[in-house]
Amino acid sequence: MGVRYLVTGATGALGSAVVERLLESNPDDRIRVFVRSDQRFRERFPQAEVEVVRGNVLVPLNVRRAVRNVDVVFHCINFPLTNYYHNLESARLLATAVGETDAHLVYPGNTWVFGTSVPPITPDTPIDPPTRVAKIKAETDETLINASFPTTVVHLPDFYGPGVTNDLVRPLLERPIAGRNVLFPAPVDVPHEFVFIEDAARALVSVADRPTADRRFTVGTDPTTVETFVQRVYDIAGTDGRIKGVPPWVLQGGALFSERLELVREILHVYAHDTTMSDEAIREAVGFEPRTGYDEGIRRTVAWVREGSK
């Protein structure tokens with residue numbers, strides 16, 4: 001008998017990418033997904049032999065039903081910034097439910113929680129969240145890491161690619177593809193990393209069979225800058241335009257009139273400071289390395305965006 005997997009948030013970009021990676025693995029493995037809309041999942045995976053459990057991650061009974069009799073849980077649900085506190089709430093409910101099983105939980109972390117730490121960031125870099133939203137993310141990570149079951153948090157750079165709808169990353173691709181200028185709410189010349197969505201999912205899957213190993217891993221790619229990344233998009237899309245960073249005082253003024261803009265400001269430190277990460281630990285532990293370079297990833301994303309606009 002193979003491994004029994006559960007993927008929460010399997011209709012989202014990262015969750016569905018994890019499902020795709022699992023479907024490519026051992027045919028004896030069994031995959032269960034926990035989603036709010038089974039119809040939406042089946043539209044994405046019409047032929048997949050996957051058990052679909054429909055429910056709400058904030059309802060304890062639904063969560064207990066989803067985690068029953070599984071070996072590994074990939075927790076890929078991520079709430080919008082305006083409801084970000086639900087991530088912590090869902091982690092607490094999941095910790096209670098998974099605590100009644102012997103499952104290993106794999107959870108995607110990010111760079112927000114490291115604040116302005118000196119790069120390269122490693123699994124041993126102290127957690128130092130500088131804002132309210134980053135503190136919620138850090139507390140969510142710690143809730144799962146300190147639970148009674150083994151948890152592995154894999155800290156990922158910003159991911160991009162087909163299906164990704166991140167409000168900060170999406171305009172870096174969609175606007176250049178459309179031949180429009182990009183106005184970005186942070187500096188654009190600071191070292192930064194992006195990871196293709198398939199590689200992000202591969203990173204999570206790569207640690208699934210190590211339930212007693214390191215509790216944190218960091219995933220590094222090729223450091224670039226937002227400006228250089230966007231210029232690559234223009235070049236590959238065959239369009240013209242330019243990117244410009246917005247001065248902080250402009251955002252500060254706008255945040256007085258917009259709750260969402262105020263929340264966005266709370267994660268912009270990862271663009272204003274170098275938060276590049278080292279992949280040495282995950283490479284040595286499980287042999288993981290990103291496979292998709294920026295040019296290939298951008299080409300595939302350009303094709304996906306243009307196909308969707310037809």
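Helix 7, which spans residues 197–206, is mostly covered in this predicted model, since seven of its 10 residues are buried. The buried positions of helix 7 are Ile 197, Asp 199, Ala 200, Ala 201, Arg 202, Ala 203 and Leu 204, a list that holds the charged residues Asp 199 and Arg 202 along with three alanines.

Helix 7 is one element of a protein chain that contains 13 helices and 13 strands. Of the 310 residues of the protein chain, 51% count as buried. The radius of gyration of the protein chain is 19 Å, and because a compact globule of 310 residues would have a value near 19 Å, the model agrees with that expectation. Taken along the principal axes, the box filled by the C-alpha atoms is roughly 55 × 40 × 40 Å. Among contacts between residues at least 6 apart in sequence, 79% join residues that are at least 24 apart. The accessible surface of the protein chain comes to about 14,500 Å², and 47% of this area belongs to carbon and sulfur atoms. The protein chain carries 34 positive and 41 negative charges, and the mean positions of these two groups are 6 Å apart.

Aromatic rings form a further part of the picture, with eight aromatic pairs in the structure. In one of these pairs, the ring centres of Tyr 160 and Phe 196 are 5.5 Å apart and the ring planes stand at 65°, so the pair is edge-to-face, a class that requires an angle over 60 degrees. This pair links distant parts of the chain, as Tyr 160 belongs to strand 7 (residues 158–160) and Phe 196 to strand 10 (residues 194–196), with the two positions 36 residues apart in sequence numbering. Both Tyr 160 and Phe 196 are buried. The two residues also belong to a cluster in which ring pairs link Tyr 160, Phe 194, Phe 196, Phe 229 and Tyr 294.

A buried position in another strand is Thr 225, which is placed in strand 12 (residues 224–225). The relative accessible area of Thr 225 is 15%, and because buried means under 20%, Thr 225 counts as buried. When its neighbours within four places in sequence are left aside, Thr 225 is in contact with Val 188, Asp 189, Val 190, Pro 191 and His 192, a run of consecutive residue numbers.

The loops of the model also contain residues with particular backbone features. In the loop between helix 3 (60–67) and strand 4 (72–75) lies Asn 69, which has a positive phi of about 60° although Asn 69 is not a glycine. The loop between helix 3 and strand 4 also holds Arg 68, and with a relative accessibility of 46%, between the limits of 20% and 50%, Arg 68 counts as partly exposed. Although Arg 68 and Asp 102 are 34 residues apart in sequence, their C-alpha atoms are 9.8 Å apart in space. Elsewhere, the loop between strand 5 (104–109) and helix 5 (132–145) contains Pro 120, and the peptide bond that leads from Pro 119 to Pro 120 is cis, with omega near 0°.

Key
Residues numbered from 1 in each chain as written. Predicted model: local features only at pLDDT ≥ 70, side-chain atom pairs only at ≥ 80, totals over all residues. Heavy atoms only, no water. Helix = DSSP H or I, 4+ residues; strand = E, 2+ residues; numbered from the N terminus. Rg over C-alpha atoms; globule rule 2.2 N^0.38 Å. Buried < 20%, exposed > 50% of the residue type's maximum accessible area, 1.4 Å probe, protein only. Contact = heavy atoms within 4.5 Å. Areas by Shrake-Rupley, 256 points an atom, 1.4 Å probe, with all protein chains shown as cover. Charge placed at Lys NZ, Arg CZ, Asp CG, Glu CD. Phe/Tyr/Trp six-rings, centres within 6.5 Å; stacked < 30°, edge-to-face > 60°.
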